[in-house]
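Subject: Structure for your review

Dear colleague,

Please find the structure below, together with its sequence. My notes on what was found in it follow.

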Amino acid sequence: MSFFDWKSYKKSCNFWYTLSVNYAKINSYDLLAMELIGGTFMNKASKIKDLPIDQRPYEKCEKYGPSFLADSELLAIIIRTGVKGKKSIELADEIIGENGLIGLCRVSLDELTKTKGVGKVKALQIMCIVELALRISKGNMKEKMIFNTPLTVAEYFMEELRHKNREEFIVLMLTSKSTLIKKLVLSIGTVNKSLASPREIFVEAIRCNAVCIILIHNHPSGDPTPSRADIDVTRRIKEAGELIEIKLIDHIIIGDNKYTSFSECELI
């Protein structure tokens with residue numbers, strides 16, 4: 001005849017109760033640890049200083065030189081800081097991804113500040129470093145340059161003008177040996193119109209003792225084909241120059257990696 005062992009049953013219940021309580025405690029510790037790892041630790045890891053040393057842009061630059069760094073790493077050093085949850089290198093990568101490296105040459109202040117984490121200061125830093133890069137690329141070239149062929153002029157101004165979203169009208173004041181005396185930015189117009197005054201051009205040319213001039217302007221559309229207005233203004237400037245014996249050598253229109261020379265096309 002069997003009977004119910006109450007003591008054994010009670011011990012068994014106590015055992016399982018204790019086990020379940022301890023298991024719950026273990027789970028709570030695990031959850032706490034996961035929260036710490038996923039929260040505090042990950043927030044720390046969002047900072048450049050918490051990356052491995054060989055992945056930090058500053059340290060890589062110091063050890064290997066700037067040429068070793070990727071585009072986003074170079075920009076990360078310029079902008080210095082990121083935003084909450086995003087390292088500076090991730091922010092830099094996003095900026096380049098949205099605009100392209102070449103696109104940074106033409107992006108505006110308003111366009112840059114649309115990127116989350118890019119305020120006015122960061123945007124101005126980017127715009128200034130781009131402008132500095134353009135100036136460095138020219139360096140002392142103008143002191144050695146002889147602007148005696150359309151290709152030479154086009155190559156010199158291509159990177160400066162091909163990215164502009166507005167027309168710029170430039171006049172080069174030259175010596176008898178085609179060396180540069182002065183570059184005059186005559187006007188910055190709308191996308192379809194720029195103003196060029198023959199009087200303003202030749203007043204400055206006489207002041208500089210220029211012997212000849214070259215006209216340059218860009219077409220933001222990327223197509224350097226001369227418009228009717230381009231041809232008309234070139235004719236007027238050429239005729240005005242002939243009266244005071246300052247020769248118009250050429251008018252070069254800059255497009256997107258291509259150009260049109262009035263002298264080569266026999267339009268001048």
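A nonpolar patch on the surface is formed by Ile78, Ile129, Leu132 and Ile136, which together have about 330 Å² of accessible area. Please bear in mind that this is a predicted model, and that every value in this message was computed from it.

**The nonpolar patch and the second largest pocket**

Helix α6, residues 120–138, gives the most to the nonpolar patch, namely three residues. Isoleucine 129 is one of the residues of the patch, and its place is in helix α6. The relative accessible area of isoleucine 129 is 32%, so this residue counts as partly exposed. Patches are made of residues with over 30% relative accessible area and no salt bridge.

Isoleucine 129 also appears in the description of the second largest pocket. This pocket has a volume of about 480 Å³. Its lining consists of 19 residues, and those nearest the centre are Leu101, Leu104, Ile129, Val130 and Ala133. Two elements, α3 (71–79) and α6, give two or more residues to this lining. Helix α6 supplies the largest share, with seven residues. As to chemical character, 18 of the lining residues are nonpolar and one is charged, while none is polar. Helix α6 therefore contributes both to the patch, where it gives the most, and to the pocket lining, where its share is the largest. As general background, rolling a probe the size of a water molecule over the atoms shows where empty space is left.

**Salt bridges**

How many salt bridges does the structure hold? The count is 13. In general, side chains of opposite charge can pair when their charged atoms come close. Three of these pairs are described here.

The pair of arginine 228 and aspartate 232 forms a salt bridge with an N to O distance of 3.4 Å. Both residues belong to helix α10 (residues 228–243), where they are four residues apart, about one turn of the helix. Arginine 228 is exposed, because its relative accessible area is 57% and the term applies over 50%. Aspartate 232, with a relative accessible area of 27%, is partly exposed. Elsewhere, Glu159, Arg162 and Asp256 are joined into one network by salt bridges that share partners.

Within that network, the side chains of glutamate 159 and arginine 162 meet at 3.3 Å, N to O. Is each partner buried or exposed? Glutamate 159 counts as partly exposed, at 36% relative accessibility. Arginine 162 has a relative accessibility of 14% and therefore counts as buried, since the term buried means under 20%.

The side chains of lysine 164 and glutamate 168 also meet in a salt bridge, at 3.5 Å from N to O. Lysine 164 is partly exposed, with 30% relative accessibility, whereas glutamate 168 is buried, with a relative accessible area of 10%.

**Residues with positive phi**

Arginine 80 has a positive phi of about 70°, although it is not a glycine. This residue is located in the loop between α3 and α4 (88–99). The relative accessible area of arginine 80 is 60%, so it is classed as exposed.

Glutamate 266 likewise has a positive phi, near 55°, and is a residue other than glycine. It lies in the segment after β5 (259–261). With a relative accessible area of 70%, glutamate 266 is exposed.

**Buried residues and contacts along the chain**

Phenylalanine 262 is also found in the segment after β5. Its relative accessible area is 0%, and it is therefore buried. Phenylalanine 262 and leucine 215 are 47 residues apart in sequence, and their C-alpha atoms are 9.8 Å apart in space.

Methionine 145 occupies the loop between α7 (141–144) and α8 (150–161). At 15% relative accessibility, it counts as buried. The C-alpha atoms of methionine 145 and leucine 180 are separated by 7.5 Å, while the two residues are 35 apart along the chain.

When you open the model, helix α6 may serve as a starting point, followed by the salt bridges.

Yours sincerely

Conventions. Residues are numbered from 1 along each chain as its sequence is written. This is a predicted model: local features need pLDDT of at least 70, side-chain atom pairs count only at pLDDT 80 or more; totals for chains, interfaces and linings use all residues. Side-chain values use heavy atoms; hydrogens and water are left out. Patches are made of residues with over 30% relative accessible area and no salt bridge: like charges are joined within 9 Å, nonpolar side chains (Val, Leu, Ile, Met, Phe, Trp, Tyr) within 5 Å. Accessible areas come from the Shrake-Rupley method with a 1.4 Å probe; for residues, only the protein chains shown count as cover. A salt bridge is a side-chain nitrogen of Lys or Arg within 4 Å of a carboxyl oxygen of Asp or Glu. Buried means under 20% relative accessible area, exposed over 50%, partly exposed in between (1.4 Å probe, protein chains only). On a 1 Å grid over the protein atoms alone, a cavity is a set of points where a 1.4 Å probe fits but cannot get out, and a pocket is an open set with protein on both sides within 12 Å along at least five of seven lines; lining residues have an atom within 4 Å of a point. Grid points are joined across faces, edges and corners, and a volume is the space filled by probe spheres set on the points. Ala, Val, Leu, Ile, Met, Phe, Trp, Tyr, Cys and Pro count as nonpolar, Asp, Glu, Lys and Arg as charged, and the others, Gly among them, as polar.
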